[in-house]
Amino acid sequence: MSDRKPPSKVESVTAPEVAGRRVLIKGQQTKAVIIEAALGLASQIGLDGLSIGAVAEVTGMSKSGVFAHFGSREELQISVIREYHDRFEAEVFYAAMQKPRGVPRLQAMFDNWMVQTSAEIDSGCIYISGAVEFDDRTGPVRDALASSVATWQTALRRAVELAQAAGQLSREADAHQIAFEIHGLILALHYEARFLRNPGASELARRGFLHILARHALAPTAPALVKTGAAQPAKPPKLVAVPKPPRKPTSD
């Protein structure tokens, strides 16, 4: 038997394989740089304005160099949507998973969403701007965008259902309706803050969210609404019987 040790995996890799891996890694890094630039560009001019030429100009690359990584304008747009969704998912959804199931997690999801929306007031939200651009179109770009939004809406509705299962929100309430109203608050916030420049838009959105919880909350979540300083619904005024004035006698 020979005392020579078998070659390690590193030693067994040939020079061409090493060179190939370096090219692959470099290609992945270059593609990541392109997507980063394209994402920033799309937030300013929209997905529809995104093109191979525009990205090449921003990155200082040739059009053929950018094209080599994506193959088409549509694939570039879809890559931007996927990257945006991955970041949104990490910052809004997965960050909220640290909270207990139920209202605390739902609250965290909304708070994270508010932070995300506030950070995008000057640049714009690809979900919202993209919906305006592609709402009346068909094709893979619209499908990718709609799929990303639908995935988030499903996660939001699931968080509502978990709060109902935990006995913190009424089981009789429609989870889809609650999620719809919460989504509506973010759309209103974006419109009020970005278009109308209303400085109080964020506070209105937060109060709206607390009102939704208060409308469907059961006893365990009631104290949380008091701590946050949410406006409590006014009690309806009591009806007080007003005595009728005595009738004056009439002469026959």
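**Exercise 1. State which residues of α9 and α10 meet, classify them, and describe how the two helices are arranged.**

*Solution.*
Step 1. From α9, the residues I178, E181, I182, L185, L189, E192 and A193 meet A201, S202, A205, G208, F209, I212, R215 and H216 of α10. These positions belong to a predicted model.

Step 2. Sorted by class, the residues of this contact are nine nonpolar, three polar and three charged.

Step 3. Two packed helices are described by the angle between their axes and the distance between the axes. For α9 and α10, the axes come within 9 Å and cross at roughly 170°.

Step 4. An angle over 145 degrees counts as roughly antiparallel. Helix α9 is therefore roughly antiparallel to α10.

**Exercise 2. Determine how α6 is oriented relative to α9, and list the residues through which they meet.**

*Solution.*
Step 1. Helix α6 covers residues 103-119 and helix α9 covers residues 175-195; they pack at an angle of about 20°, and their axes are 11 Å apart.

Step 2. Angles under 35 degrees count as roughly parallel, and α6 and α9 are therefore roughly parallel to each other.

Step 3. The crossing in which α6 passes α9 is right-handed.

Step 4. On the α6 side the residues are L106, F110, W113, M114 and T117, and they meet I182, H183, L185, I186, L189 and H190 of α9. By class, this contact contains eight nonpolar, three polar and no charged residues.

**Exercise 3. Decide whether H216 and I126 are buried or exposed, and name their contacts beyond four places in sequence.**

*Solution.*
Step 1. H216 is located in helix α10, residues 201-216. Its relative accessibility is 17%, so H216 counts as buried, the cut-off being under 20%.

Step 2. With neighbours within four places in sequence set aside, H216 is in contact with Q168, L169, S170, A173 and I178.

Step 3. I126 lies in helix α7, residues 126-134. I126 counts as buried because its relative accessibility is 2%.

Step 4. Not counting residues up to four places away in sequence, I126 touches L39, A42, L47, V80, Y84, A131 and L145. One of these, V80, is 46 residues from I126 in sequence, while the C-alpha atoms of the two are 9.3 Å apart in space.

**Exercise 4. Check the span of helix α8 against the expected value, and identify the glycine that follows α8.**

*Solution.*
Step 1. Helix α8, residues 140-165, has 26 residues. The expected span is 1.5 Å times one less than the number of residues, so α8 should span 38 Å.

Step 2. The end C-alpha atoms of α8 are 37 Å apart, which agrees with that expectation.

Step 3. The glycine that follows α8 is G167, and its phi is positive, near 75°.

**Exercise 5. Describe the backbone and surroundings of R197.**

*Solution.*
Step 1. R197 is situated in the loop between α9 and α10.

Step 2. Although R197 is not a glycine, its phi is positive, at about 55°.

Step 3. The relative accessible area of R197 is 54%, and R197 is therefore exposed, the cut-off being over 50%.

**Exercise 6. Summarise the chain as a whole: its elements, burial and contacts.**

*Solution.*
Step 1. The chain has eleven helices and zero strands.

Step 2. Of the 252 residues in the chain, 35% are buried.

Step 3. Among contacts with a separation of 6 or more, 66% join residues 24 or more positions apart.

Definitions and conventions. Residues are numbered from 1 along each chain as its sequence is written. This is a predicted model: local features need pLDDT of at least 70, side-chain atom pairs count only at pLDDT 80 or more; totals for chains, interfaces and linings use all residues. Side-chain values use heavy atoms; hydrogens and water are left out. Axes are lines fitted to C-alpha atoms, for helices over the stretch in contact, and angles run from 0 to 180 degrees between N-to-C directions. Helices (H or I, at least four residues) and strands (E, at least two) are DSSP runs, numbered from the N terminus. Angles under 35 degrees count as roughly parallel, over 145 as roughly antiparallel, 65 to 115 as roughly perpendicular and the rest as oblique. A crossing is left-handed if the near helix is turned anticlockwise from the far one by less than a right angle, and right-handed if clockwise. Contact means heavy atoms within 4.5 Å. Ala, Val, Leu, Ile, Met, Phe, Trp, Tyr, Cys and Pro count as nonpolar, Asp, Glu, Lys and Arg as charged, and the others, Gly among them, as polar. Buried means under 20% relative accessible area, exposed over 50%, partly exposed in between (1.4 Å probe, protein chains only).
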